[in-house]
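The following questions and answers work through one protein model, from its internal space to its surface and its contacts.

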Amino acid sequence: PVQHMMGTSCITSDPKRLITLYTPALANALALGIKPTGISPATGNLDQFPDYLKGKVEGIEIVANASDILNLEKILLLKPDLI
């Protein structure tokens with residue numbers, strides 16, 4: 001369990017459905033061998049990722065628009081284990 005301002009959350013030791021909300025978290029997840037289910041690129045556009053990530057983000061759902069506003073319905077539909 002992890003304690004935080006809103007209480008306690010249980011985090012699985014092996015998340016299967018991860019959503020990352022910024023590029024460094026995406027890079028870290030990929031480096032650990034975890035391909036996220038959803039991502040929120042700063043521009044909402046896969047072409048704006050750094051070159052070293054471009055080939056690794058195909059097939060991952062974008063959960064934000066071009067203004068980086070999260071689509072909460074889309075996130076809920078992806079049923080993440082961890083965000």
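A cavity is a set of points on a 1 Å grid, laid over the protein atoms alone, where a 1.4 Å probe fits but cannot get out, and lining residues have an atom within 4 Å of a point; grid points are joined across faces, edges and corners, and a volume is the space filled by probe spheres set on the points. This is a predicted model, in which local features need pLDDT of at least 70 and side-chain atom pairs count only at pLDDT 80 or more, while totals for chains, interfaces and linings use all residues. Residues are numbered from 1 along each chain as its sequence is written, and side-chain values use heavy atoms, with hydrogens and water left out.

Q: How many cavities of 30 Å³ or more does the structure hold?
A: The largest cavity encloses about 30 Å³ of space. Its lining is made of Thr20, Tyr22, Thr23, Leu26, Ile39, Ser40, Pro41 and Phe49. The number of cavities of 30 Å³ or more is 1.

Q: How many residues in the lining of the largest cavity are nonpolar, polar and charged?
A: In this division Ala, Val, Leu, Ile, Met, Phe, Trp, Tyr, Cys and Pro count as nonpolar, Asp, Glu, Lys and Arg as charged, and the others, Gly among them, as polar. The lining residues accordingly divide into 5 nonpolar, 3 polar and no charged.

Q: Is Ser40, in the loop between strand S4 and helix H2, buried or exposed?
A: Helices (H or I, at least four residues) and strands (E, at least two) are DSSP runs numbered from the N terminus, and Ser40 sits in the loop that joins strand S4 (38-39) to helix H2 (51-54). The C-alpha atoms of Ser40 and Leu70 are 7.5 Å apart, although 30 residues separate the two along the chain. Buried means under 20% relative accessible area, exposed over 50%, and partly exposed in between, with a 1.4 Å probe and protein chains only. Because its relative accessible area is 4%, Ser40 is buried.

Q: Which residue pair forms a salt bridge with its closest N and O atoms 3.6 Å apart?
A: A salt bridge is a side-chain nitrogen of Lys or Arg within 4 Å of a carboxyl oxygen of Asp or Glu, and the structure holds 2 of them. One joins the side chains of Asp14 and Lys16 at 2.5 Å, N to O, where Asp14 is partly exposed at 44% relative accessibility and Lys16 is exposed at 59%. The pair at 3.6 Å is Glu61 and Lys74.

Q: Why does the pair Glu61 and Lys74 tie together parts of the chain?
A: Glu61 is partly exposed, with a relative accessible area of 36%, and Lys74 is also partly exposed, at 30%. The salt bridge between Glu61 and Lys74 ties together parts that are 13 residues apart in sequence, because Glu61 lies in strand S5 (residues 61-62) and Lys74 in helix H3.

Q: Where is Thr12 found?
A: Thr12 counts as partly exposed, at 39% relative accessibility. Its C-alpha atom is separated by 7.4 Å from that of Asp81, which is 69 residues away along the chain. Thr12 is found in the loop between strand S2 (7-9) and strand S3 (19-20).

Q: What pattern does the chain follow, read along the sequence?
A: The chain has 3 helices and 5 strands, and buried residues make up 28% of its 83 residues. Read along the sequence, the pattern is β-β-β-α-β-α-β-α.

Methods:
1 Å grid on protein atoms, 1.4 Å probe; cavity = no way out; pocket = protein on both sides within 12 Å on 5 of 7 lines; lining within 4 Å.
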